[in-house]
Amino acid sequence: MRILIINGPNLNMLGKRDPKNYGSLTLKEINRELKHLAKGKASLKFYQSNSEGKLISFIQRHLNYDAMIINAGAYTHTSIAIHDALELFKGKIIEVHLSDVNNREAFRLTNYISSLATKTIAGLKEKGYYEAMNTLLKQ
C-alpha cells in the first residue's frame, strides 16, 4: 500500500505552536512514528507546504496512490480548490485535525474536505495521525 501524508499551513510549526490545541510533538517526530507504524506494511510519502497551490499540485501528481492522510490546516475551512483536487483522488482519504475543530471558533465549522474523507479524526492531537495510519493498515 502506498500512502501520502499531506500537511498544510503552519503544521511545520508543531512543537512551538499552542501545545494545548496541537500537542507538543514536532511534525518530524510525528512522521517518525508514522514510519515506524507502517514499517513493512506500507510505503509512505510525506509532504508539507504553507502554499495552497503547492498542496494542490502535489495531490494532482500523486493521484495513483492507494490512500492519503491529510491535515490541510486552515485550508480545510477555506479551500474549495483543495476540495476539487481531492475529488480526483480515488484512494481512501483520512482527514486529521490535531485540535477539536468542532468545538473551537465558529469559522472552523466550515469544512471543505470532510465530505470526501473516508474518515475524519479530530481532537486527538498527534494520536489522530496514528489512529489514521492504523485504520489504513487494517484494511
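A salt bridge, for this tour, is a side-chain nitrogen of Lys or Arg within 4 Å of a carboxyl oxygen of Asp or Glu. The model in your viewer is a predicted one, and it holds 1 salt bridge. Let's begin there and then walk through the rest.

**Stop 1: the salt bridge**

Select Glu 131 and Lys 119. These two form the salt bridge, and their closest N and O atoms are 3.1 Å apart. Now colour by secondary structure: Glu 131 sits in helix H5 and Lys 119 in strand S5, so the pair links distant parts of the chain, 12 residues apart. Turn on a surface if you like. Glu 131 has a relative accessible area of 30%, which makes this residue partly exposed. Lys 119, with 29% relative accessibility, is partly exposed too.

**Stop 2: the sheet**

Stay with Lys 119 for a moment, as this residue leads into the sheet. Its bridge partner is Ile 94. The two strands concerned, S4 (residues 92-97) and S5, pair in the parallel sense over 4 bridges.

Next, show the strands together. In what order do the 5 strands of the open sheet lie? Reading across, you should find S2-S1-S3-S4-S5, with parallel pairing. Strand S2 (43-48) and S5 are the edge strands, each pairing on one side only. Look along the sheet and you can follow its twist, which averages 15° from one strand to the next. Then add helix H2 (residues 27-38), which packs on the sheet and touches S1 and S2. The direction of H2 makes about 165° with that of S2.

**Stop 3: strand S3**

Select residues 67-71, which make up strand S3. How many of its 5 residues are buried? The count is 5 of 5, so this strand is mostly covered by the under 20% cut-off for buried residues. Show the side chains as sticks: Ala 67, Ile 69 and Asn 71 point one way, while Met 68 and Ile 70 point the other way.

Now look to the neighbours of S3. S1 and S3 run parallel and are joined by 5 bridges; Ile 70 of S3 is the bridge partner of Ile 6. S3 and S4 also pair in the parallel sense, over 4 bridges. Here Ile 69 has Ile 94 of S4 as its bridge partner. You have met Ile 94 already, as the bridge partner of Lys 119 in S5.

**Stop 4: Asp 66**

Step back to Asp 66, in the loop between H3 and S3. Is Asp 66 buried or partly exposed? With 40% relative accessibility, Asp 66 is partly exposed, since that value falls between the 20% limit for buried and the 50% limit for exposed. Display what is around this residue: leaving aside residues up to four places away in sequence, Asp 66 touches Met 1, Arg 2, Phe 89, Gly 91 and Lys 92. Lys 92 is 26 residues from Asp 66 along the chain, yet their C-alpha atoms are separated by 6.7 Å.

**Stop 5: two helices side by side**

Select helix H3 (residues 52-61) and helix H4 (residues 80-87). Their axes are 9 Å apart and they pack at an angle of about 5°. That angle makes H3 roughly parallel to H4, because angles under 35 degrees count as roughly parallel. To see the contact, show Glu 52, Leu 55, Ile 56 and Ile 59 on H3, and Ala 81, Ile 82, Ala 85 and Leu 86 on H4. Sorted by class, the contact of H3 with H4 has 7 nonpolar residues, 1 charged residue and no polar ones.

**Stop 6: the loop after S1**

Move to the loop between S1 and H1 and select Leu 11. This residue is buried, at 4% relative accessibility. Apart from residues up to four places away in sequence, Leu 11 touches Leu 27, Gln 48, Asn 71, Gly 73, Leu 98 and Tyr 129. Gly 73 is 62 residues away in sequence, but 7.1 Å away in space from C-alpha to C-alpha.

Asn 10 is in that loop as well, between strand S1 (2-7) and helix H1 (19-22). Asn 10 is partly exposed, at 37% relative accessibility.

**Stop 7: two positive phi values**

Most residues other than glycine have a negative phi. Keep Asn 10 selected and check its backbone: phi is near 70°, a positive value. For the last selection, choose Lys 125, in the loop between strand S5 (119-122) and helix H5 (127-137). Lys 125 has a positive phi of about 50°, although this residue is not a glycine. Its relative accessibility of 28% makes Lys 125 partly exposed.

Key
Residues are numbered from 1 along each chain as its sequence is written. This is a predicted model: local features need pLDDT of at least 70, side-chain atom pairs count only at pLDDT 80 or more; totals for chains, interfaces and linings use all residues. Side-chain values use heavy atoms; hydrogens and water are left out. Buried means under 20% relative accessible area, exposed over 50%, partly exposed in between (1.4 Å probe, protein chains only). Two strands pair if DSSP finds at least two bridges between them. Axes are lines fitted to C-alpha atoms, for helices over the stretch in contact, and angles run from 0 to 180 degrees between N-to-C directions. Contact means heavy atoms within 4.5 Å. Angles under 35 degrees count as roughly parallel, over 145 as roughly antiparallel, 65 to 115 as roughly perpendicular and the rest as oblique. Ala, Val, Leu, Ile, Met, Phe, Trp, Tyr, Cys and Pro count as nonpolar, Asp, Glu, Lys and Arg as charged, and the others, Gly among them, as polar.
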